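Trainee: Could we go through this structure together, with the reasoning behind each label spelled out? I would like to see how a value turns into a word.

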Amino acid sequence: MGRALRVGIPVLLAGFALWYASYVTTIVAWELRKIVSWLAVPLLFAAFVALPWLVVKRLRRRKETGSDGSDAAVVVGCLGAVVGLGLAVAWLVYGAYLQDRAYMEHVRIVSEPVPELAARAPYVVGRAQAAPHLGDVTGEISDITYLPDSDRFATLVERRGWLAGYEVGLVQDIPLGGNSRTQQRCAFDVGVADARIGGWFNHNLGRKISAEKRWVRFDTGDAYVTCSGDTPIVVVPLKRQTGFLVVTERPAGLALYDGRTGKLTITTDTSAVPGPSYPMSIAARQREATAAVGSFADWWFERSGWDASEDGANEGNESEFALQYRDGSGSSAYVTPLTPQGEASSVVAVSTVPTRHQGGGLAPMTVHRLSPTWSSPKALVALIKAEYRDVCCYNDDMVFEVVPTGGRTWTATIGSEQNIRYRVEGRGQVAGREATCLKAADGALIRCGYAAPGSPEEQELKRQEEQKKKSETGTAPRDVGDLTAYSAAELAELHRRVSEEVGRRLKGG
């Protein structure tokens, strides 16, 4: 009894400590589940192969034979190790393919045009314009997220120090064609709400989330801040694991951290936040899984699926552009231009995943095949610089993100990080006669590389030209003819009328 107590009590205490340490146990459980999913099949097979070895060893002890049983046991054991190792390697490869196939559960591949999407300020501009509006804040910017529902950029600032949380949240309106018109700062109560993602000890927001809801985790890049009046709210989209032999991630609601009271709320109501509720990291994983759209052989030799365009034109934000639909529904999607696997750089498809999704399953992903395909973003930037060299690019001006904006069109923005001046809208390949049109940042058409007869662009340019002529005609002085032909009385009358009109206008202001 004494020995049982000496052994049992420490075991119980250790188990209680592990259960109490919800944050650590959650991380350990997640990582072990990934490992077991890869090793479950080979370990099971090795166990079955090693079973004869145990039988032979048992028989050797009973019969007390010579070395024959021992040799057989060694042979069977080695055979089990070799077969188990081979199966483990095979499962590591094929299991990865099955995992991609699991993420392809709700993927549709269509030839329909991409729905119309609204242009927005580039991500790098949102990042650059955050710092000037932070004022005397001494913290470090930890995250910048575009909120498509409100067409704003949210900035989360960490307070300096090991045992500190966040300092302030900034939500700013950055319209195309100018600096931010409005900004809203909401400060954290650093004495109460002192936790942050990646913080130390009890100042770790992940630890608080695990204490509230065990076995869920999150990706740091998915979190963002919103301002509810003067109260900052840190929004953390959560994820859970599913499956045994093939482990994948699924959405698991939201964690809302009140920056005034320090209260943490776990909810599945996606309408509770004015921003994305579906984890962007899962949307990115779904996009990457399109490599498994074909057979295992196609997946292994990289002959199927698509990659995000990575030729440098969209540096800093190459995939999962959060854009709002133009249909007035207020819905939005993560949008990514896709290139075929390999060295080809032309954009052949566009993927869309909703930024909001109800339930614990994967959100539907749609891959729109393009016809015609687009040139690579790098080639489009070179075209813009060649066709519109009078507006691009000198001083600090540059071409920013080249993003899909629906149908068969793309949009690129031109300007500096502090002032977007123009946008270029285009279609398809750079060799097309109707490839691009230059517009002001607010969308007003300026000129096109080529306006096809009867096209909306040609009609708009004609309308502008007629308006310009009418304006010039209306403001030009009327022709009074040759003054030498006037008699002295007529000149005096004309002078009197001019003097009276000038006096009347001066009196009237």
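What follows is a conversation about how the labels used for this predicted model are reached.

Trainee: Let's start with Gly-169. Why is Gly-169 called buried?

Mentor: The cut-off for buried is under 20% relative accessible area. Gly-169 has 0% relative accessibility, so it counts as buried. Gly-169 sits in strand β4.

Trainee: What does Gly-169 touch, leaving out residues up to four places away in sequence?

Mentor: Its contacts are Thr-155, Gln-184, Arg-185, Cys-186, Phe-188, Val-225 and Cys-227. Val-234 is 65 residues from Gly-169 along the chain, and their C-alpha atoms are separated by 8.7 Å.

Trainee: Arg-185 is on that list. What makes the pairing of Arg-185 with Asp-136 a salt bridge?

Mentor: A side-chain nitrogen of Lys or Arg has to be within 4 Å of a carboxyl oxygen of Asp or Glu. Here the N to O distance is 3.9 Å, and the pair qualifies as a salt bridge. Arg-185 is in strand β5 (residues 182-187), while Asp-136 is in the loop between α4 and β2, so the pair links distant parts of the chain, 49 residues apart.

Trainee: Which of the words buried, partly exposed or exposed fits each partner?

Mentor: Exposed needs over 50%, and partly exposed is the range between that and the buried cut-off. Asp-136 has 65%, so it is exposed. Arg-185 has 40%, so it is partly exposed.

Trainee: And what about Lys-239 and Glu-249, buried or exposed?

Mentor: Both are buried: Lys-239 has a relative accessible area of 6%, and Glu-249 has 19%, against a limit of under 20%. Their side chains meet in a salt bridge at 3.0 Å, N to O. Lys-239 belongs to strand β7 (residues 231-242) and Glu-249 to strand β8 (residues 248-258), so the pair ties together parts ten residues apart in sequence.

Trainee: How many salt bridges does a search of the whole structure find?

Mentor: It finds 14. Another of them joins the side chains of Arg-217 and Glu-31, at 3.4 Å from N to O. Arg-217 is in the loop between α5 and β6 and Glu-31 is in helix α2, with their places 186 residues apart in the chain. Arg-217, at 25%, is partly exposed, and so is Glu-31, at 35%.

Trainee: What makes Glu-31, Lys-34 and Arg-217 one network?

Mentor: The salt bridges among them share partners, and that joins them into one network.

Trainee: Staying with helix α2, which residues make the nonpolar surface patch?

Mentor: Val-24, Val-28, Leu-32, Ile-35, Leu-39 and Leu-43 make a patch of about 510 Å². Leu-39, in helix α2 (residues 22-63), shows how a residue gets in: patch members need over 30% relative accessible area. Leu-39 has 34% and is partly exposed.

Trainee: Now helix α8. How do you know that its buried residues are on the same side?

Mentor: Within α8 (residues 377-387), the buried ones are Pro-377, Leu-380, Val-381, Leu-383 and Ile-384. They cover an arc of only 160 degrees around the axis, which puts them on the same side of α8. Their cover includes β13 (347-354), β15 (398-404), β16 (409-416), β17 (419-427) and β18 (436-440).

Trainee: Which residues of the largest nonpolar core touch the most other members?

Mentor: In that core of 35 residues, they are Tyr-278, Val-353 and Val-367. The largest share, three residues, comes from β13. Outside its neighbours within four places in sequence, Val-353 has contacts including Tyr-278, Ala-283, Ala-333 and Met-365. Another core, of 30 residues, lies apart from this one; Phe-188, Ala-195, Leu-238 and Val-273 are among its members.

Trainee: One last point: what is noted about phi in Trp-215 and Glu-320?

Mentor: Phi is positive in each, although neither is a glycine: near 75 degrees for Trp-215 and about 50 degrees for Glu-320. Trp-215 is in the loop between α5 (205-212) and β6 (224-228), and Glu-320 is in the loop between β10 (306-308) and β11 (321-324). Trp-215, at 39%, is partly exposed, whereas Glu-320, at 7%, is buried.

Note on methods
Residues are numbered from 1 along each chain as its sequence is written. This is a predicted model: local features need pLDDT of at least 70, side-chain atom pairs count only at pLDDT 80 or more; totals for chains, interfaces and linings use all residues. Side-chain values use heavy atoms; hydrogens and water are left out. Buried means under 20% relative accessible area, exposed over 50%, partly exposed in between (1.4 Å probe, protein chains only). Helices (H or I, at least four residues) and strands (E, at least two) are DSSP runs, numbered from the N terminus. The arc is that of the directions from the helix axis to the C-beta atoms. Contact means heavy atoms within 4.5 Å. A nonpolar core is a set of buried Ala, Val, Leu, Ile, Met, Phe, Trp, Tyr and Cys residues joined through side-chain atoms within 4.5 Å. Patches are made of residues with over 30% relative accessible area and no salt bridge: like charges are joined within 9 Å, nonpolar side chains (Val, Leu, Ile, Met, Phe, Trp, Tyr) within 5 Å. Accessible areas come from the Shrake-Rupley method with a 1.4 Å probe; for residues, only the protein chains shown count as cover.
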